[in-house]
Amino acid sequence: QVQLVESGGGLVQAGGSLRLSCAAAGRTFSSYGMGWFRQAPGKEREFVAAINWRGTNTYYIDSVKGRFTISRDNAKNTMYLQMNSLKPEDTAVYYCAVAAAAGIHTREYQYTHWGQGTQVTVSS
């Protein structure tokens with residue numbers, strides 16, 4: 001079975017940085033788009049960022065644009081989310097996901113495999 005494992009979450013002060021990693025096992029996902037989602041307490045899961053299969057195209061929601069950077073290393077079967085200038089409203093469980101096709105995807109239903117999530121908490 002495929003496995004996606006997130007790591008790198010934790011507690012940081014506002015303005016700080018974290019780098020999330022998503023390691024895939026069981027098969028390679030180098031031919032598929034990937035993305036990051038997050039879910040804050042009491043809220044729906046929200047799309048954050050996506051990257052195409054080659055890592056040559058990316059897309060971000062406006063609230064994180066300029067602060068977050070999504071990337072991938074297909075040789076390592078790993079995706080990353082560099083999070084800078086963190087704000088308390090970024091506090092959430094962050095999930096990585098793999099899509100069913102190669103391009104950019106922004107909707108939850110377009111993704112077929114999900115990690116367990118990693119907690120990111122930003123204090124003020």
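Visitor: What's the angle about the S-S bond in the link of Cys-22 and Cys-96?
Guide: The angle is 55°, and the link is right-handed. Keep in mind that this is a predicted model: local features need pLDDT of at least 70, side-chain atom pairs count only at pLDDT 80 or more, and totals for chains, interfaces and linings use all residues. Residues are numbered from 1 along each chain as its sequence is written, and side-chain values use heavy atoms, with hydrogens and water left out.

Visitor: What's the S to S distance for that disulfide?
Guide: Cys-22 and Cys-96 are joined with their sulfurs 2.0 Å apart. The cut-off for calling a disulfide is a pair of cysteine sulfur atoms within 2.5 Å, and by that rule the count is one.

Visitor: Which parts does the pair tie together?
Guide: Cys-22 sits in strand β3 and Cys-96 in strand β9, so the link ties together parts that are 74 residues apart in sequence. Strands here are DSSP runs (E, at least two residues), while helices would be H or I runs of at least four, with numbering from the N terminus.

Visitor: Is Cys-22 buried or exposed? And Cys-96, buried or exposed?
Guide: Cys-22 is buried, at 0% relative accessible area. Cys-96 is buried too, at 0%. Buried means under 20%, exposed means over 50%, and partly exposed is in between, using a 1.4 Å probe and protein chains only.

Visitor: OK, new topic. How many residues are in the largest nonpolar core?
Guide: That core has 34 residues. A nonpolar core is a set of buried Ala, Val, Leu, Ile, Met, Phe, Trp, Tyr and Cys residues joined through side-chain atoms within 4.5 Å. Among the residues with the most contacts inside it are Trp-36, Phe-68, Met-83 and Tyr-94.

Visitor: Which elements give two or more residues to it?
Guide: They are β3 (18-25), β4 (34-39), β5 (46-51), β7 (68-73), β8 (78-83), β9 (92-99) and β11 (118-123). The largest share, six residues, comes from β9.

Visitor: What does Tyr-94 touch?
Guide: Not counting neighbours within four places in sequence, Tyr-94 is in contact (heavy atoms within 4.5 Å) with a list of residues including Glu-6, Trp-36, Phe-68, Leu-81, Met-83 and Val-120.

Visitor: Now the sheets. What's the strand order in the open sheet of four?
Guide: The order is β1-β3-β8-β7, with antiparallel pairing. Two strands pair if DSSP finds at least two bridges between them. At the edges are β1 (3-7) and β7, each pairing on one side only. The twist averages 15° from one strand to the next, with axes fitted as lines to C-alpha atoms (for helices, over the stretch in contact) and angles running from 0 to 180 degrees between N-to-C directions.

Visitor: How many bridges join β3 to β8?
Guide: Six, and the two strands run antiparallel. In that pairing, Leu-20 has Leu-81 of β8 as its bridge partner, and Ala-23 is matched with Thr-78.

Visitor: And on the β7 side, how many bridges are there between β7 and β8?
Guide: Six again, in the antiparallel sense. Asp-73 stands opposite Thr-78 of β8. The two strands form a hairpin with four residues between them, and Asn-77 in the turn has a positive phi of about 55°. Five of the six residues of β8 are buried, so β8 is largely enclosed by the rest of the structure.

Visitor: What about β4, which strands does it pair with?
Guide: β4 pairs antiparallel with β5 over five bridges and with β9 over six, also antiparallel. Trp-36 has Ala-49 of β5 as its partner, while Phe-37 has Tyr-95 of β9. The β4 and β5 hairpin has six residues between the strands, and Gly-42 in the turn has a positive phi of about 75°.

Visitor: Last one: where is Thr-91, and what does its side chain reach?
Guide: Thr-91 is in the loop between β8 and β9. Its side chain reaches the backbone oxygen of Pro-88 at 2.9 Å, and a polar atom of that side chain lies 2.9 Å from the backbone nitrogen of Val-122.

Notes: A polar contact is a pair of N or O atoms within 3.5 Å; within protein, one must be able to donate a hydrogen and the other to accept it, and residues adjacent in sequence count only if both atoms are side-chain atoms.
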